[in-house]
Each structure stands twice: as C-alpha cells, then as structure tokens.
Amino acid sequence: MAKSSDTRKKNAKKPAESQTKSAAVTKTTTKIITAERATPVNTKPVSFAERFNRHLTPEALVAELFGTFILVVVALTVTAVLAPLYVGLTLLVLAIVIGGISGAHVNPAVTFGLWTARKFPGFALPFYWLAQFLGALAAIVAMGLLTGKGISLNFNSFLSLNWGVLAIEVIGTAIFLFGVIAANSRVGLPLLGRAMGVGLSLFVALVVSAGLYTSLSSSIEKDKIQSITDVPRLLRLDSATLNPAVALAAREKTDDQLQGTADTGKAAASRLTLGETLVGTLVGAALGANLYRALVRREAK
C-alpha cells in the first residue's frame, strides 16, 4: 500500500513538472520574439544613386542605343509594303537579344507607355530617351555616309499637323502598347513567347496603320493636282511611324521621288513632328498601356 501511494504521488508530480517546463519554454519563446521585434530595423532610405544603379545601368543604355540604331536602319531600308513584316521581326529578335539587359524598348513611346503604366521608373525615362534618339542619329549618320547623300536634318514640317495622321499614330501606337503590356504581364511566359508577342504586336499595329493610311490618302482627288507644288503633304508620307526615333530618321517624299526623276540631293523634311509623331505616339502609348491594365483590374474584381 505504501508503494502504491508513492507511485501515485510521483505520477501526480509529472504533470505539474511538465506544465512548469511548458510555461518556461513559452516564456523563453516570448522573450525571443519580443527581442526580435525590439531589434531596430535598418530604415535608412535608399539613396537616389542606389536606385539609379538598380534600375539603370550603362549596359542598358548602350543596348537601347544599339537596338534603336538597328531598328531604324531596318525601317529606312525596307519598302513600305514590307516594313510591317521586317520591322516586326527585327523587334522580335531585339527583344530576345537585349530584352534581359534593357527591356528592348528601342522606342521613346514604349518607354513612356511603360512609365504611365507604372512599369518603368520615371527618373530613368529621360536617359532611355537620350539613348534612343542617339541611336536614331547614329543611323542617320551611317546611312548618309553609306549612300553618299551626306548628313542633314530638315525640320520644316515639325509644326505640320494633319488630324488624320495624328489619329493613325494614336491608334497604331495604342494597339502596339496594348500588345507589349499584355505579353510582358503574362506570368510564366518564357522569353521567346514574350518576344513573339511584342514583335507580332508591332506587326499588327503597322498593318492596321498602313490600311488606315491607304484609306485616308484615297480620299484625295489626285486628278485635280496640276503641279508638284500642289501635291498634298499626305501623299509625301508612306505610313505611320509609331516611334519618334524612327520618325526622326525617316523622310517625307521629295519632289524628285514623286516625279520619278533623278535625286537632286535636296534634303527632305524629317517625319518628326510635334503633333503627329510626338504627341500622337506618346498619347497612343499611354492609352494602350493603361487600357490593358484597366481591363485586367476589372477582370480581377
């Protein structure tokens, strides 16, 4: 009986000891968690230089310059009929090659559209624009030296504004940026898939723009044109540029080209205009990029 009583006393002590140990462990854990929370977190703000280096590198700027140079050269050397195909394929290749370095914008409108969609830091935007326009200037110099026509820039049409041309630039660039944002927003899509989405988006945008240009120019009564000086400016344009850098290097058709005579070397006006190719492409880029974001946000709700 004594042994049985001792055994019961020992068994009764075990739960008490277990509870004591559990309470001690809980107190220790609470102290650790409290200490971790009390530990001061490094709240030092990230400096501009650190953010600059994080989002913008010399490699990215060189990639944008070189990529824009290639795209502009292709756009200048192919015919208007084949331009959508070859320019679209060129952008596809550039997206694969330099997409991981700079994003392969190679277009000031793309950079602007991504910024408005909060996909690109604002402080890096002017640096990208500088690299892209320098790439276009490099293409102008290279083409001028290779063709022997010299290097010249003519901005006589910079303030020209045709509302139809402006509308086509807006529509075409909006289609392009809608595809760009859509392709890059797909989670799990491989690089090749995103590149194809971007290149095909530009192809479709250029095809649609070319069709709209044909419809717009067909409204002109060509039979009433008596002399070369009466030719409307619209007939001196091939199609939409959808890219201010390409517009800088592209040229309107000269009188010699319209007449089919020998080139006299007179510098033609650049396609870069304030209203049509600058405002038009930037507005179109913002519309296309944010339209996709709005549709996705609405679908998520």
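Good morning, colleagues. The protein before you contains 11 helices and 0 strands. I should state at the outset that this is a predicted model. Read along the sequence, the elements follow the pattern α-α-α-α-α-α-α-α-α-α-α.

Let me begin with the chain as a whole. Of the 301 residues in the protein, 37% are buried. Among contacts between residues at least 6 apart in sequence, 72% join residues that lie at least 24 apart.

I turn now to one pair of helices. Helix α3 spans residues 58-77, and helix α6 spans residues 125-147. The two pack at an angle of about 45 degrees, and their axes are 7 Å apart. How should we describe that arrangement: parallel, perpendicular or oblique? Angles under 35 degrees count as roughly parallel and those from 65 to 115 as roughly perpendicular, so α3 and α6 are oblique to each other. Their crossing is right-handed.

Which residues form this contact? From α3, the participants include A60, L61, E64, L65, T68 and F69, as well as V72, V73, L76 and T77. They meet a set of residues in α6, among them F127, Y128, A131, Q132, L134, G135 and A136. Further along α6, A138, A139, A142 and M143 also take part. By class, the contact of α3 with α6 has 16 nonpolar, 4 polar and 1 charged residues.

The next element I wish to discuss is helix α5, which covers residues 108-116. This helix is mostly covered, with 7 of its 9 residues buried. The buried residues in α5 are P108, A109, V110, T111, F112, G113 and L114. Both ends of the helix deserve a comment. At its start, a side-chain oxygen of N107 comes to within 2.8 Å of the backbone nitrogen of A109. Just after α5, R118 adopts a positive phi of about 60 degrees.

Finally, let us consider a single arginine, R236. It is placed in the loop between α8, residues 191-217, and α9, residues 244-249. Is R236 buried or exposed? Its relative accessibility is 14%, and the cut-off for a buried residue is under 20%; R236 therefore counts as buried. What surrounds R236, leaving aside its neighbours within four places in sequence? On one side of the sequence, R236 is in contact with I228 and V231. Its other contacts are E252, K253, T254, D255 and L258.

That concludes my presentation. Thank you for your attention.

Terms used
Residues are numbered from 1 along each chain as its sequence is written. This is a predicted model: local features need pLDDT of at least 70, side-chain atom pairs count only at pLDDT 80 or more; totals for chains, interfaces and linings use all residues. Side-chain values use heavy atoms; hydrogens and water are left out. Buried means under 20% relative accessible area, exposed over 50%, partly exposed in between (1.4 Å probe, protein chains only). Helices (H or I, at least four residues) and strands (E, at least two) are DSSP runs, numbered from the N terminus. A polar contact is a pair of N or O atoms within 3.5 Å; within protein, one must be able to donate a hydrogen and the other to accept it, and residues adjacent in sequence count only if both atoms are side-chain atoms. Axes are lines fitted to C-alpha atoms, for helices over the stretch in contact, and angles run from 0 to 180 degrees between N-to-C directions. Angles under 35 degrees count as roughly parallel, over 145 as roughly antiparallel, 65 to 115 as roughly perpendicular and the rest as oblique. A crossing is left-handed if the near helix is turned anticlockwise from the far one by less than a right angle, and right-handed if clockwise. Contact means heavy atoms within 4.5 Å. Ala, Val, Leu, Ile, Met, Phe, Trp, Tyr, Cys and Pro count as nonpolar, Asp, Glu, Lys and Arg as charged, and the others, Gly among them, as polar.
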